[in-house]
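User: I am new to this structure and would like a close look at a single part of it. Please pick one residue, describe its surroundings, and then work outward from there.

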Amino acid sequence: MAMTPSDRTEANRLDRDIVQRCRRGDLGAFEELYKRHGSRLYTVAYRITGSAADAEDLVQDIFLQVYRRLDSFRGEAALGTWLHRLAVNASLDFVRSKQGRRQRVTDTAEDLDAIAAPANGPWRPDAALDRMDLDRAIAQLPPSYRRAFLLHDVEGLEHHEIGESLGIAEGTSKSLLFKARTRLRVILRGRSGVR
Amino acid sequence: MERDTLTDDDCGRFAALVHDRVSGTTGGASQADLDAHLASCAACRSLLADLVAMRGAAAGLPDFTPRTEVWTNLSQRLAAELAARPRPIWTGARVALAMAATLVVAVASSVWLLRGPSTAPVPQASAVPAGAPAAAVIQSPKDLVQDVDEHLRIADEHYAKAITGLEQVVKGGEGALDPALAATLAKNLGVIDQAITESREAIKTQPNNQLAQTSLFEALRQKVALLEDTVALINVMRKGDQAGAAKILGGLSKS
């Protein structure tokens, strides 16, 4: 359920209090921080890496980084936003270092058939889109498409932010998102066609 | 007549605008063009409806919950990092009593783990059948935490006794030390005592403060080490062993 403005204010106040206690060395407060934001950060890492094991390692690394860098959190943005950015960057760095050049070659090959693949069944746009189906369809995307879609449509980043994070031009981000959505539509239509 | 496929050149051009609209980035002029096209093109209306549904579902994708082990591992890594941190208040004497240190770190880590957010079901002591061997009795988390607190208290007492004994030895042999050196050692001991006092005060207000517990035991270890070095120094000075004294002082200055 979406948070109301007053929920957000209360959540931000709680976060600020937790940060203050963490800075004083209160590890119980750090546990609270993990409880409040751990799932969100794990989800970001899991969706970007596509691996539960990698996401588990990453979320630990991210929280250790958070503990070391809490003093640099100025409180200008909400804590959740700051943590989210750390998680996105750490996950993208991980993917870049792990997959490197091999992945980029694969992505290029996969670009070729993204638009050409025909939609092979009627999707029911009037019916609620099954989120499990969407999650599975996202997992089938080529990595570069998946990252663009996740960062824009799931995590809410703007194209210029995605460009900075991925080291690509803003236009490339838009193009990848276009192809990702098109491919997802094809996958989802195929899925609904066999129902 | 309405188009129902995206093969038309116009549809190709408008598809990008449809995506922009879904992203909320369509400009004013192109908005009107797109609306006019959508009014006559079922295929593009279908594309728009699909993408809107997809975007809505994407924004509402649920979070996943990491396994409990993630927190357990994280808390262990955090405890290890804290234990390895440079000492915050003093930079003094060398680390001694390695076995005692290991014991204290292990107990402190257990405190952290036991107070962690374990959600796994823990068998209760009452679930053990009557007459089962004592070793098979599984303690509840509360009992285990009390046990650990008790061990910490015992470790604290052990250090206190060792320190008292060493202080008596030092007091009896201070005359063997050069007055300037004795003053330096006394000053260093004062710094460590200050750290012990501050850690105890922090624990008094926050009994579960792991950092304060670690700092306290680190300070106690430092004090024992410095007193042991002082006793060793007194002994070699009494024997007139200048080389032995130099060796001990060298170790102190490096630490």
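Analyst: A52(A) lies in helix α3 of chain A. The model is a predicted one, and everything below is computed from it. Is A52(A) buried, exposed or partly exposed? It counts as partly exposed because 14 C-beta neighbours lie inside 10 Å, while a buried residue would need 20 or more and an exposed one would have 12 or fewer. Y42(A) stands 10 residues away from A52(A) in sequence, and the C-alpha atoms of the two are 8.7 Å apart in space.

Both residues take part in the contact of two helices. On the α2(A) side, the residues that meet α3(A) are F30(A), Y34(A), G38(A), L41(A), Y42(A), A45(A), Y46(A) and T49(A). On the α3(A) side, their counterparts are A52(A), D54(A), A55(A), L58(A), V59(A), I62(A), F63(A) and Y67(A). Sorted by class, this contact has 13 nonpolar, 2 polar and 1 charged residues.

Next comes the geometry of the pair. Two packed helices are described by the angle between their axes and the distance between the axes. For α2(A) and α3(A), the angle is about 135 degrees and the axes are 8 Å apart. α2(A) is therefore oblique to α3(A), since only angles over 145 degrees would count as roughly antiparallel. The crossing of α2(A) and α3(A) is right-handed.

The two helices also have a part in the contact between the chains. That contact takes 31 residues from chain A and 36 residues from chain B. On the side of chain A that touches chain B, the elements giving two or more residues are α2 (27–49), α3 (52–69), α5 (131–139), α6 (143–154) and α8 (170–193). Which of them gives the largest share? That is α2(A), with 11 residues. By class, the side of chain A that touches chain B has 15 nonpolar, 6 polar and 10 charged residues.

The partner can be described briefly. Chain B has 9 helices and 0 strands, so its elements, taken from the N terminus on, run α-α-α-α-α-α-α-α-α. Of its 255 residues, 25% count as buried. Among contacts in chain B between residues at least 6 apart in sequence, 71% join residues at least 24 apart.

To return to the starting point, A52(A) is a partly exposed residue of helix α3 in chain A, and A52(A) is among the α3(A) residues that meet α2(A).

Key. Residues numbered from 1 in each chain as written. Chains lettered and ligands numbered in written order. Predicted model: local features only at pLDDT ≥ 70, side-chain atom pairs only at ≥ 80, totals over all residues. Contact = placed C-beta atoms within 7 Å. Helix = DSSP H or I, 4+ residues; strand = E, 2+ residues; numbered from the N terminus. Nonpolar A, V, L, I, M, F, W, Y, C, P; charged D, E, K, R; others polar. Axes fitted to C-alpha atoms, helices over the stretch in contact; angles between N-to-C directions. Parallel < 35°, antiparallel > 145°, perpendicular 65-115°, else oblique. Left-handed = near helix turned anticlockwise from the far one by under 90°.
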